[in-house]
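Visitor: I am new to this structure. Could you show it to me and walk me through a part of it?

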Amino acid sequence: MAVGATATSAYAFETAQAQVITNPASKTITVGSSFTVKAIDKTEANHQAALGTPTITWASSKTSVATVTSAGKVTAFTNSGVTYKVVSDRSVYVQRISSSSKRKASTLSIRASVPYKGRGYTVIGIKSKALKGTRARTLKVCTTSLTKARVKGSLSGSRVRTVYAYPSVKSTYRSCFVKSNSGRSVSVRGF
């Protein structure tokens, strides 16, 4: 997985690309760890004098493994056999079911929130194909924060037939978990 940075600065309707290097240039991390990358603008003196301070934009080349914040913090995060993608300061998506025992289970549960390093993260989405290859026929969704856009393609490649949800969101989830949106026709029932 690589983390990259791009620096751009606009001046008089022109955009200049700065020469940016990262420190560290590369690093291997394990799930559950994080580190912060620093950007070094090799042309900083000339660039700032001519065009002003550049804006650094961070990106991960493999977001299924790790994410990078706007400050350059890279995080890989797995909890109880499920890999999560951090999408904001306190929110996550289910990225994939990562443990073999969970992949073989007949029922899977999507938690409302997950702890990581003393902080609680609210589960707000399920990424496309997150359940692909799992054997589960039943999905228990304990979060009430899902939307149609946040579950697009989530059941593609899965065997899920029934989704259980809290009564307060059951009707909303019926429109979310339709084949044209989630990738599979399922029955949505209340707990």
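Guide: Gladly! Please keep in mind that this is a predicted model. Let's begin with a patch of charge on the surface: K104, R135, R137, R159 and R161 together form a positive one.

Visitor: Where does R161 of that patch lie?

Guide: Look for two strands, strand 15 (138-141) and strand 16 (162-165). R161 belongs to neither strand, but sits in the loop between strand 15 and strand 16.

Visitor: In what order do the four strands of the open sheet come?

Guide: Let's build the order pair by pair. Strand 12 is joined to strand 15 by four bridges, and strand 15 pairs with strand 16, also over four bridges. Strand 16 in turn pairs with strand 17 over four bridges. The pairing is parallel and the order is 12-15-16-17.

Visitor: Which are the edge strands?

Guide: An edge strand here pairs on one side only. That description fits strand 12 (107-110) and strand 17 (187-190).

Visitor: How many degrees does the twist average from one strand to the next?

Guide: Follow the open sheet in its order, 12-15-16-17. From one strand to the next, the twist averages 20 degrees.

Visitor: Which residue is the bridge partner of A165 in strand 17?

Guide: Let's go across the sheet by facing residues. S109 stands opposite K140 in strand 15, and T138 stands opposite T162 in strand 16. For A165, the bridge partner in strand 17 is G190.

How values were computed. Residues numbered from 1 in each chain as written. Predicted model: local features only at pLDDT ≥ 70, side-chain atom pairs only at ≥ 80, totals over all residues. Heavy atoms only, no water. Patch = residues over 30% accessible without salt bridge, like charges linked within 9 Å, V, L, I, M, F, W, Y side chains within 5 Å. Areas by Shrake-Rupley, 256 points an atom, 1.4 Å probe, with all protein chains shown as cover. Salt bridge = Lys/Arg side-chain N within 4 Å of Asp/Glu carboxyl O. Lys, Arg positive; Asp, Glu negative; His and termini not counted. Charge placed at Lys NZ, Arg CZ, Asp CG, Glu CD. Pairing = 2+ DSSP bridges. Axes fitted to C-alpha atoms, helices over the stretch in contact; angles between N-to-C directions.
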